[in-house]
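User: Hi! I have a new model open and would like to talk it through with you. Could you take a look along with me?
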Amino acid sequence: MKYTSQRGTKDILPSETPVWQRIEASCRRIFGLYNYAEIRTPVFEQTELFSRSIGTDTDIVSKEMYTFEDRGGRSLTLRPEETAPVVRACLQHNLISPENITKLWYMGPMFRYERPQAGRYRQFHQAGVEAFGSTDPMLDVEVIDMAVQLFREIGLTDLEVDINSVGCKKCRPEFIKKLTKYFTDKTSDLCDDCKKRLVKNPLRVLDCKIQGCQSIIKAAPAPVDSLCRECEEHFENVVACMDEQKIKYKINNRLVRGLDYYTGTTFEVVSDKLGAQNAVCGGGRYDDLVKELGGKPVPAVGFAIGLERLVGIIGSDVQSPKSDVVDVYLIAIGEKAKNIAFDLASGIRKAGFSADMDFHGKKLKSQLKLADRIGARFVLILGEDELNKGKIVFRDMSEGKQEEIKCDAATIVEVLEKNK
RNA sequence: GCGGCCAUGGUGUAGAGGCAACACAGCAGAUUGUGGAUCUGUUAUCAGGGGUUCAAUUCCCCUUGGCCGCCCCA
């Protein structure tokens, strides 16, 4: 094969689009129920927007961005995530302020240059929300609840919500200091990766799955124990509100996210049906990002859902919806009949019935076979005999009965309405 | 960026150092213009390049791609 889709990219074929459409419809519905409005931003932005917001030392920025120079010498990057572009758009169009709440949702392709594997692609799709303008813990819970409701609507069970707090600008540095101190005299017992992490991003050591490290991590200080008063109070309120709303969750004090802009609450929704990449949804608070990108300080919470992963979970346990059937299949024999059929098809469609016909000049038998295969409910047959009589055969495919009716669009539509 | 496994018709799979097999799908046909069943026929330079050999699709190497894992993330 000469041309194939590029590494890490995938065609979503007609057999799969119904699942996608269902998910997309659910997203629209649920986000709408919470009064979030859709926003669409370009797929590329100036590179600096991402390096500034996500953090220069993160994996995303240091090695996963699709960055290129355009003909005008600008450094552009295909968006690896959507939070920064949404903030940029909000600032550019004055959509947010500290005094008002702005609730937005988005859906679309993201790009990250990584080795593809289960649940990971170079072009993948996310649907997400961002709520600006309040530090209210209840807003955190609203956002989490929205994700939970969405998954429920889609019919997913046995998902787990993990939450944690990574602290703010004030208490996080303190915690990192504490953590580094705890690990320094134990470095030799840590795995090689963790030794690197300890220097690059000490928080990530908490996330290590290696057994040897686990035993050390167990006794390590947890972020929740080092929160400042505001962060602690905020987190307690989030948890209390989750309880009140009866949203099931697990406090996971090893949950650390890889994007620098997160502050306070972080959460993930994980599924055990996904293999190594088990998070379907990730999010949290980012109270400093708007200011860092040049706006007034406006706190925010949001999440992103990985649509491929969602499809990955659903694919197995939800029956794929039946493909749409066509109402009428027109069978014409001969050029003259074909012309008339073409015209009739157009009239039938105008009345709101779907119609299709043959473009191969096949025999009656083959055309009938085709009509059967595509699931046509009715077939119209126009051959020599009918043509001479000014009639057309109207055949009900499931009954196997047929009758001759007058060959004009109005009569056909009338009969269709009657048989609906 | 690193590691493991893999690469045969449209699809899913066999196969063996010397004629590439089977199933499904597709198309055509089984007496004139009637679908779903059955039967018949038909569909492959065995991913690309190099090497070993009288002979490679089979063995070896490289490349590319796929799947999975690490890292990280959705």
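User: Let's start with Glu236: is it buried, partly exposed or exposed?
Analyst: Happy to help! One thing up front: this is a predicted model. Glu236 counts as partly exposed, because its relative accessible area is 48%.

User: And where does Glu236 sit?
Analyst: You'll find Glu236 in helix 9, which covers residues 229–244. Glu236 also belongs to a negative surface patch, along with Asp225, Glu232 and Glu233.

User: Nice. Which residues form a positive surface patch?
Analyst: Lys362, Lys365, Lys369 and Arg373 form one. Of these, Lys365 is in helix 13 (residues 364–373), and Lys365 is exposed, with a relative accessible area of 66%.

User: Let me zoom out. How many helices and strands does chain A have?
Analyst: Chain A has 15 helices and 16 strands. The chain is more spread out than a compact globule, because its radius of gyration is 29 Å, well over the 22 Å that the globule rule gives for 420 residues.

User: What does the C-alpha trace span along its principal axes?
Analyst: About 95 × 50 × 50 Å for chain A. As for burial, 48% of the 420 residues count as buried.

User: Can you give me a feel for the distances? How far apart are Met138 and Ser366 in space?
Analyst: Their C-alpha atoms are 63 Å apart, and in sequence Met138 and Ser366 are separated by 228 residues. Met138 is part of helix 5 (residues 137–154), and with a relative accessible area of 56%, Met138 is exposed.

User: Switching to salt bridges: how many are in the whole structure?
Analyst: A search of the whole structure turns up 22. One of them joins Asp59 and Lys63, with 3.5 Å between the closest N and O atoms.

User: Where are Asp59 and Lys63?
Analyst: Both are in helix 3 (residues 59–63), four residues apart, which is about one turn of the helix. Asp59 is partly exposed at 33% relative accessible area, while Lys63 counts as exposed at 54%.

User: What about Glu174 and Lys177, how do their side chains meet?
Analyst: In a salt bridge, at 3.8 Å from N to O. These two both lie in helix 6 (residues 171–184), three residues apart, about one turn of the helix. Glu174 counts as partly exposed, with 48% relative accessibility, whereas Lys177 counts as exposed, at 57%.

User: Now Lys389: which residue does it form a salt bridge with?
Analyst: Lys389 pairs with Glu404, and the closest N and O atoms are 2.9 Å apart. Lys389 lies in helix 14 (residues 384–389) and Glu404 in strand 16 (residues 401–406), so the pair ties together parts that are 15 residues apart in sequence.

User: And is Lys389 buried, partly exposed or exposed?
Analyst: Lys389 is partly exposed, because its relative accessible area of 49% falls short of the cut-off for exposed, which is over 50%. Glu404 is partly exposed too, at 34%.

User: Which residues are linked in a network of salt bridges?
Analyst: Asp140, Arg285 and Asp287 are linked in one.

User: Anything nonpolar on the outside? I'm wondering which residues form a nonpolar patch on the surface.
Analyst: Val43, Phe44 and Phe68 do, with about 240 Å² of accessible area together. Phe68 sits in strand 3 (residues 66–69), and Phe68 counts as partly exposed at 34% relative accessibility.

User: Last topic, backbone angles. What is phi of Asn35 near?
Analyst: Phi of Asn35 is near 65 degrees, a positive value in a residue other than glycine. That stands out because most residues other than glycine have a negative phi. Asn35 is in the loop between helix 1 (17–33) and strand 1 (37–38), and Asn35 counts as exposed at 61% relative accessibility.

User: And what is the phi of Asn94?
Analyst: Asn94 has a positive phi of about 55 degrees, although it is not a glycine. Asn94 lies in the loop between helix 4 (83–92) and strand 5 (102–111). With a relative accessible area of 67%, Asn94 is exposed.

User: Great, thanks for the tour!

Methods
Residues are numbered from 1 along each chain as its sequence is written. Chains are lettered from A and ligands numbered from 1 in the order in which they are written. This is a predicted model: local features need pLDDT of at least 70, side-chain atom pairs count only at pLDDT 80 or more; totals for chains, interfaces and linings use all residues. Side-chain values use heavy atoms; hydrogens and water are left out. Patches are made of residues with over 30% relative accessible area and no salt bridge: like charges are joined within 9 Å, nonpolar side chains (Val, Leu, Ile, Met, Phe, Trp, Tyr) within 5 Å. Accessible areas come from the Shrake-Rupley method with a 1.4 Å probe; for residues, only the protein chains shown count as cover. A salt bridge is a side-chain nitrogen of Lys or Arg within 4 Å of a carboxyl oxygen of Asp or Glu. Lys and Arg count as positive and Asp and Glu as negative; His and the chain ends are not counted. The place of a charge is taken as NZ of Lys, CZ of Arg, CG of Asp or CD of Glu. Buried means under 20% relative accessible area, exposed over 50%, partly exposed in between (1.4 Å probe, protein chains only). The radius of gyration is taken over C-alpha atoms; the globule rule is 2.2 Å times the number of residues to the power 0.38.
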